[in-house]
Amino acid sequence: MASGVRLRVGSLNVLYESYYQRFCKVGRVPLDTRSKMFLRWLPMAFESHDVLAFQEWPYGGEQAYWSNAVWTAAEKAGWALVWMDSAQWDGLLVAVDTSKWHVAGYEFRPFTPATGHPGTKHRGRVVLRHVATGVSVGMINAHVPWAPQMQQSMYNVSELFELVDPALTPHWFAVGDWNVEAPTASAEADAFYRACFPEGWVDATAASSSTTCMHESEMKIDYVAHGPSLCAEGVSVHPVRPVGNVQHSQTPPDPLQWFSDHSLVSATLIIPAA
């Protein structure tokens, strides 16, 4: 077992509410129900993670109803919330267990017009400092724009790594819904990672099963990746309902039991202690 400071991270696209209606072919979920189904799941996630990263976070307008409910639950659990939004939907959120990690700084940026519609998809970084040891690590949370061509998708992914800044900390990892599936063939996969990732970075979730049933088929588009100074163990994919994700064309289950077509992707990252 590798030695160092351990950080258990989880990443989940929570599925913006209007997508739930469109993909699942059901009417709008009442706001109190939307809060209940997330808050029922959140304490379990708090217990098993140090940091949680969310994409498609509903932030503005009436969606603030359940964001405020989550804020209250996080405060009671001793977690800090870092909001990363400039729109009423598709925001980013990072939740941090403050008994273990301190938020030392954060920044977020939209992807550039060359990679998608400006202002609709975002990337953000949070610098964390371990309470007990003072060790720091940088985290990037990103919802990468979808693109019809693989070449454009790879460029989009590479852009999120612009937030890596060795002057802030030498240790970095990145998570999120990156809207592209890495090839499975060895040679093609190597070319994909060379094009997308900085040198020495590793896709900790490369061997994971599918993470979403988007577009009527199972795909692996949610990632945990880390820089060369870190290593990962205990990588897992947890459906947010017991029997896995539901295809969009199927009759949806009780909305209190399911709120996303993505799974929670988790990993334990080991950061050098010195």
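This is a short tour of the structure, stop by stop, with something to select at each one.

**Before you start**

You are looking at a predicted model, in which local features need pLDDT of at least 70, side-chain atom pairs count only at pLDDT 80 or more, and totals for chains, interfaces and linings use all residues. Residues are numbered from 1 along each chain as its sequence is written, and side-chain values use heavy atoms, with hydrogens and water left out.

**The whole chain**

Begin with a cartoon view: the protein has five helices and twelve strands. These elements are DSSP runs numbered from the N terminus, with helices being H or I of at least four residues and strands being E of at least two. Of the 274 residues, 53% count as buried. Here buried means under 20% relative accessible area, exposed means over 50%, and partly exposed is in between, with a 1.4 Å probe and protein chains only. Switch on a surface and about 11600 Å² is exposed, 55% of it supplied by carbon and sulfur atoms; such areas come from the Shrake-Rupley method with a 1.4 Å probe, and for residues only the protein chains shown count as cover. Among contacts (heavy atoms within 4.5 Å) with a separation of 6 or more, 71% are between residues 24 or more positions apart.

**Stop 1: L7 and the largest core**

Select L7, V9 and F173. These residues have the most contacts inside the largest nonpolar core, which has 24 residues. A nonpolar core is a set of buried Ala, Val, Leu, Ile, Met, Phe, Trp, Tyr and Cys residues joined through side-chain atoms within 4.5 Å. To see where this core comes from, colour strand 1 (5–13), strand 2 (51–57), strand 3 (79–84), strand 4 (91–97), strand 6 (122–130), strand 7 (136–143), strand 8 (172–177) and strand 12 (264–271), the elements that give it two or more residues. Strand 12 provides the largest share, four residues.

Now centre on L7. Leaving aside neighbours within four places in sequence, L7 is in contact with D50, V51, W101, L128, V137, F173, A267, T268, L269 and I271. Apart from this core lies another, of 23 residues, including V144, W178, A189 and W201.

**Stop 2: V94**

Move to V94, in strand 4. V94 counts as buried, at 1% relative accessibility. Not counting residues up to four places away in sequence, V94 touches V51, L52, A80, L81, V82, M84, V126, M139 and N141. Try a distance label from V94 to N141: their C-alpha atoms are separated by 7.8 Å, although the two are 47 residues apart along the chain.

**Stop 3: helices 5 and 4**

Select helix 5 (residues 186–196) and show A189, F192, Y193 and C196, which are buried. They lie on the same side of helix 5 because they cover an arc of only 90 degrees around the axis, the arc being that of the directions from the helix axis to the C-beta atoms. A187 and R194, on the other side of helix 5, are exposed. The cover over the buried residues of helix 5 includes helix 4 (150–160), strand 9 (202–203) and strand 10 (222–226).

Next, select helix 4, whose buried residues are S153, M154, N156, V157, E159 and L160. Their cover includes strand 6, strand 7, strand 8 and helix 5.

**Stop 4: rings**

The structure holds twelve aromatic pairs. Rings of Phe, Tyr and Trp (its six-membered ring) pair if their centres lie within 6.5 Å; planes under 30 degrees apart count as stacked, over 60 as edge-to-face and the rest as tilted. Show W178 and Y223: their ring centres are 4.7 Å apart and their planes are at 10 degrees, so the pair is stacked. W178 is in the loop between strand 8 and helix 5, while Y223 is in strand 10, 45 residues apart. W178 is buried at 1% relative accessibility, and Y223 is buried with a relative accessible area of 1%. Add F161, F192, Y193, F197 and W201 to see the cluster that ring pairs link together with W178 and Y223.

Then add K220, which lies over the face of Y223, at 3.7 Å from the ring centre. A charge sits over a ring if NZ of Lys or CZ of Arg is within 6 Å of the ring centre and within 35 degrees of the ring normal. Elsewhere, the charged end of R123 sits over the ring of F111, 5.3 Å from its centre.

**Last stop: two positive phi values**

Most residues other than glycine have a negative phi. Select E56, in strand 2, where phi is positive, near 55 degrees. E56 counts as buried, at 6% relative accessibility. Finish at N179, in the loop between strand 8 and helix 5, whose phi is also positive, near 55 degrees. N179 counts as buried at 10% relative accessibility.
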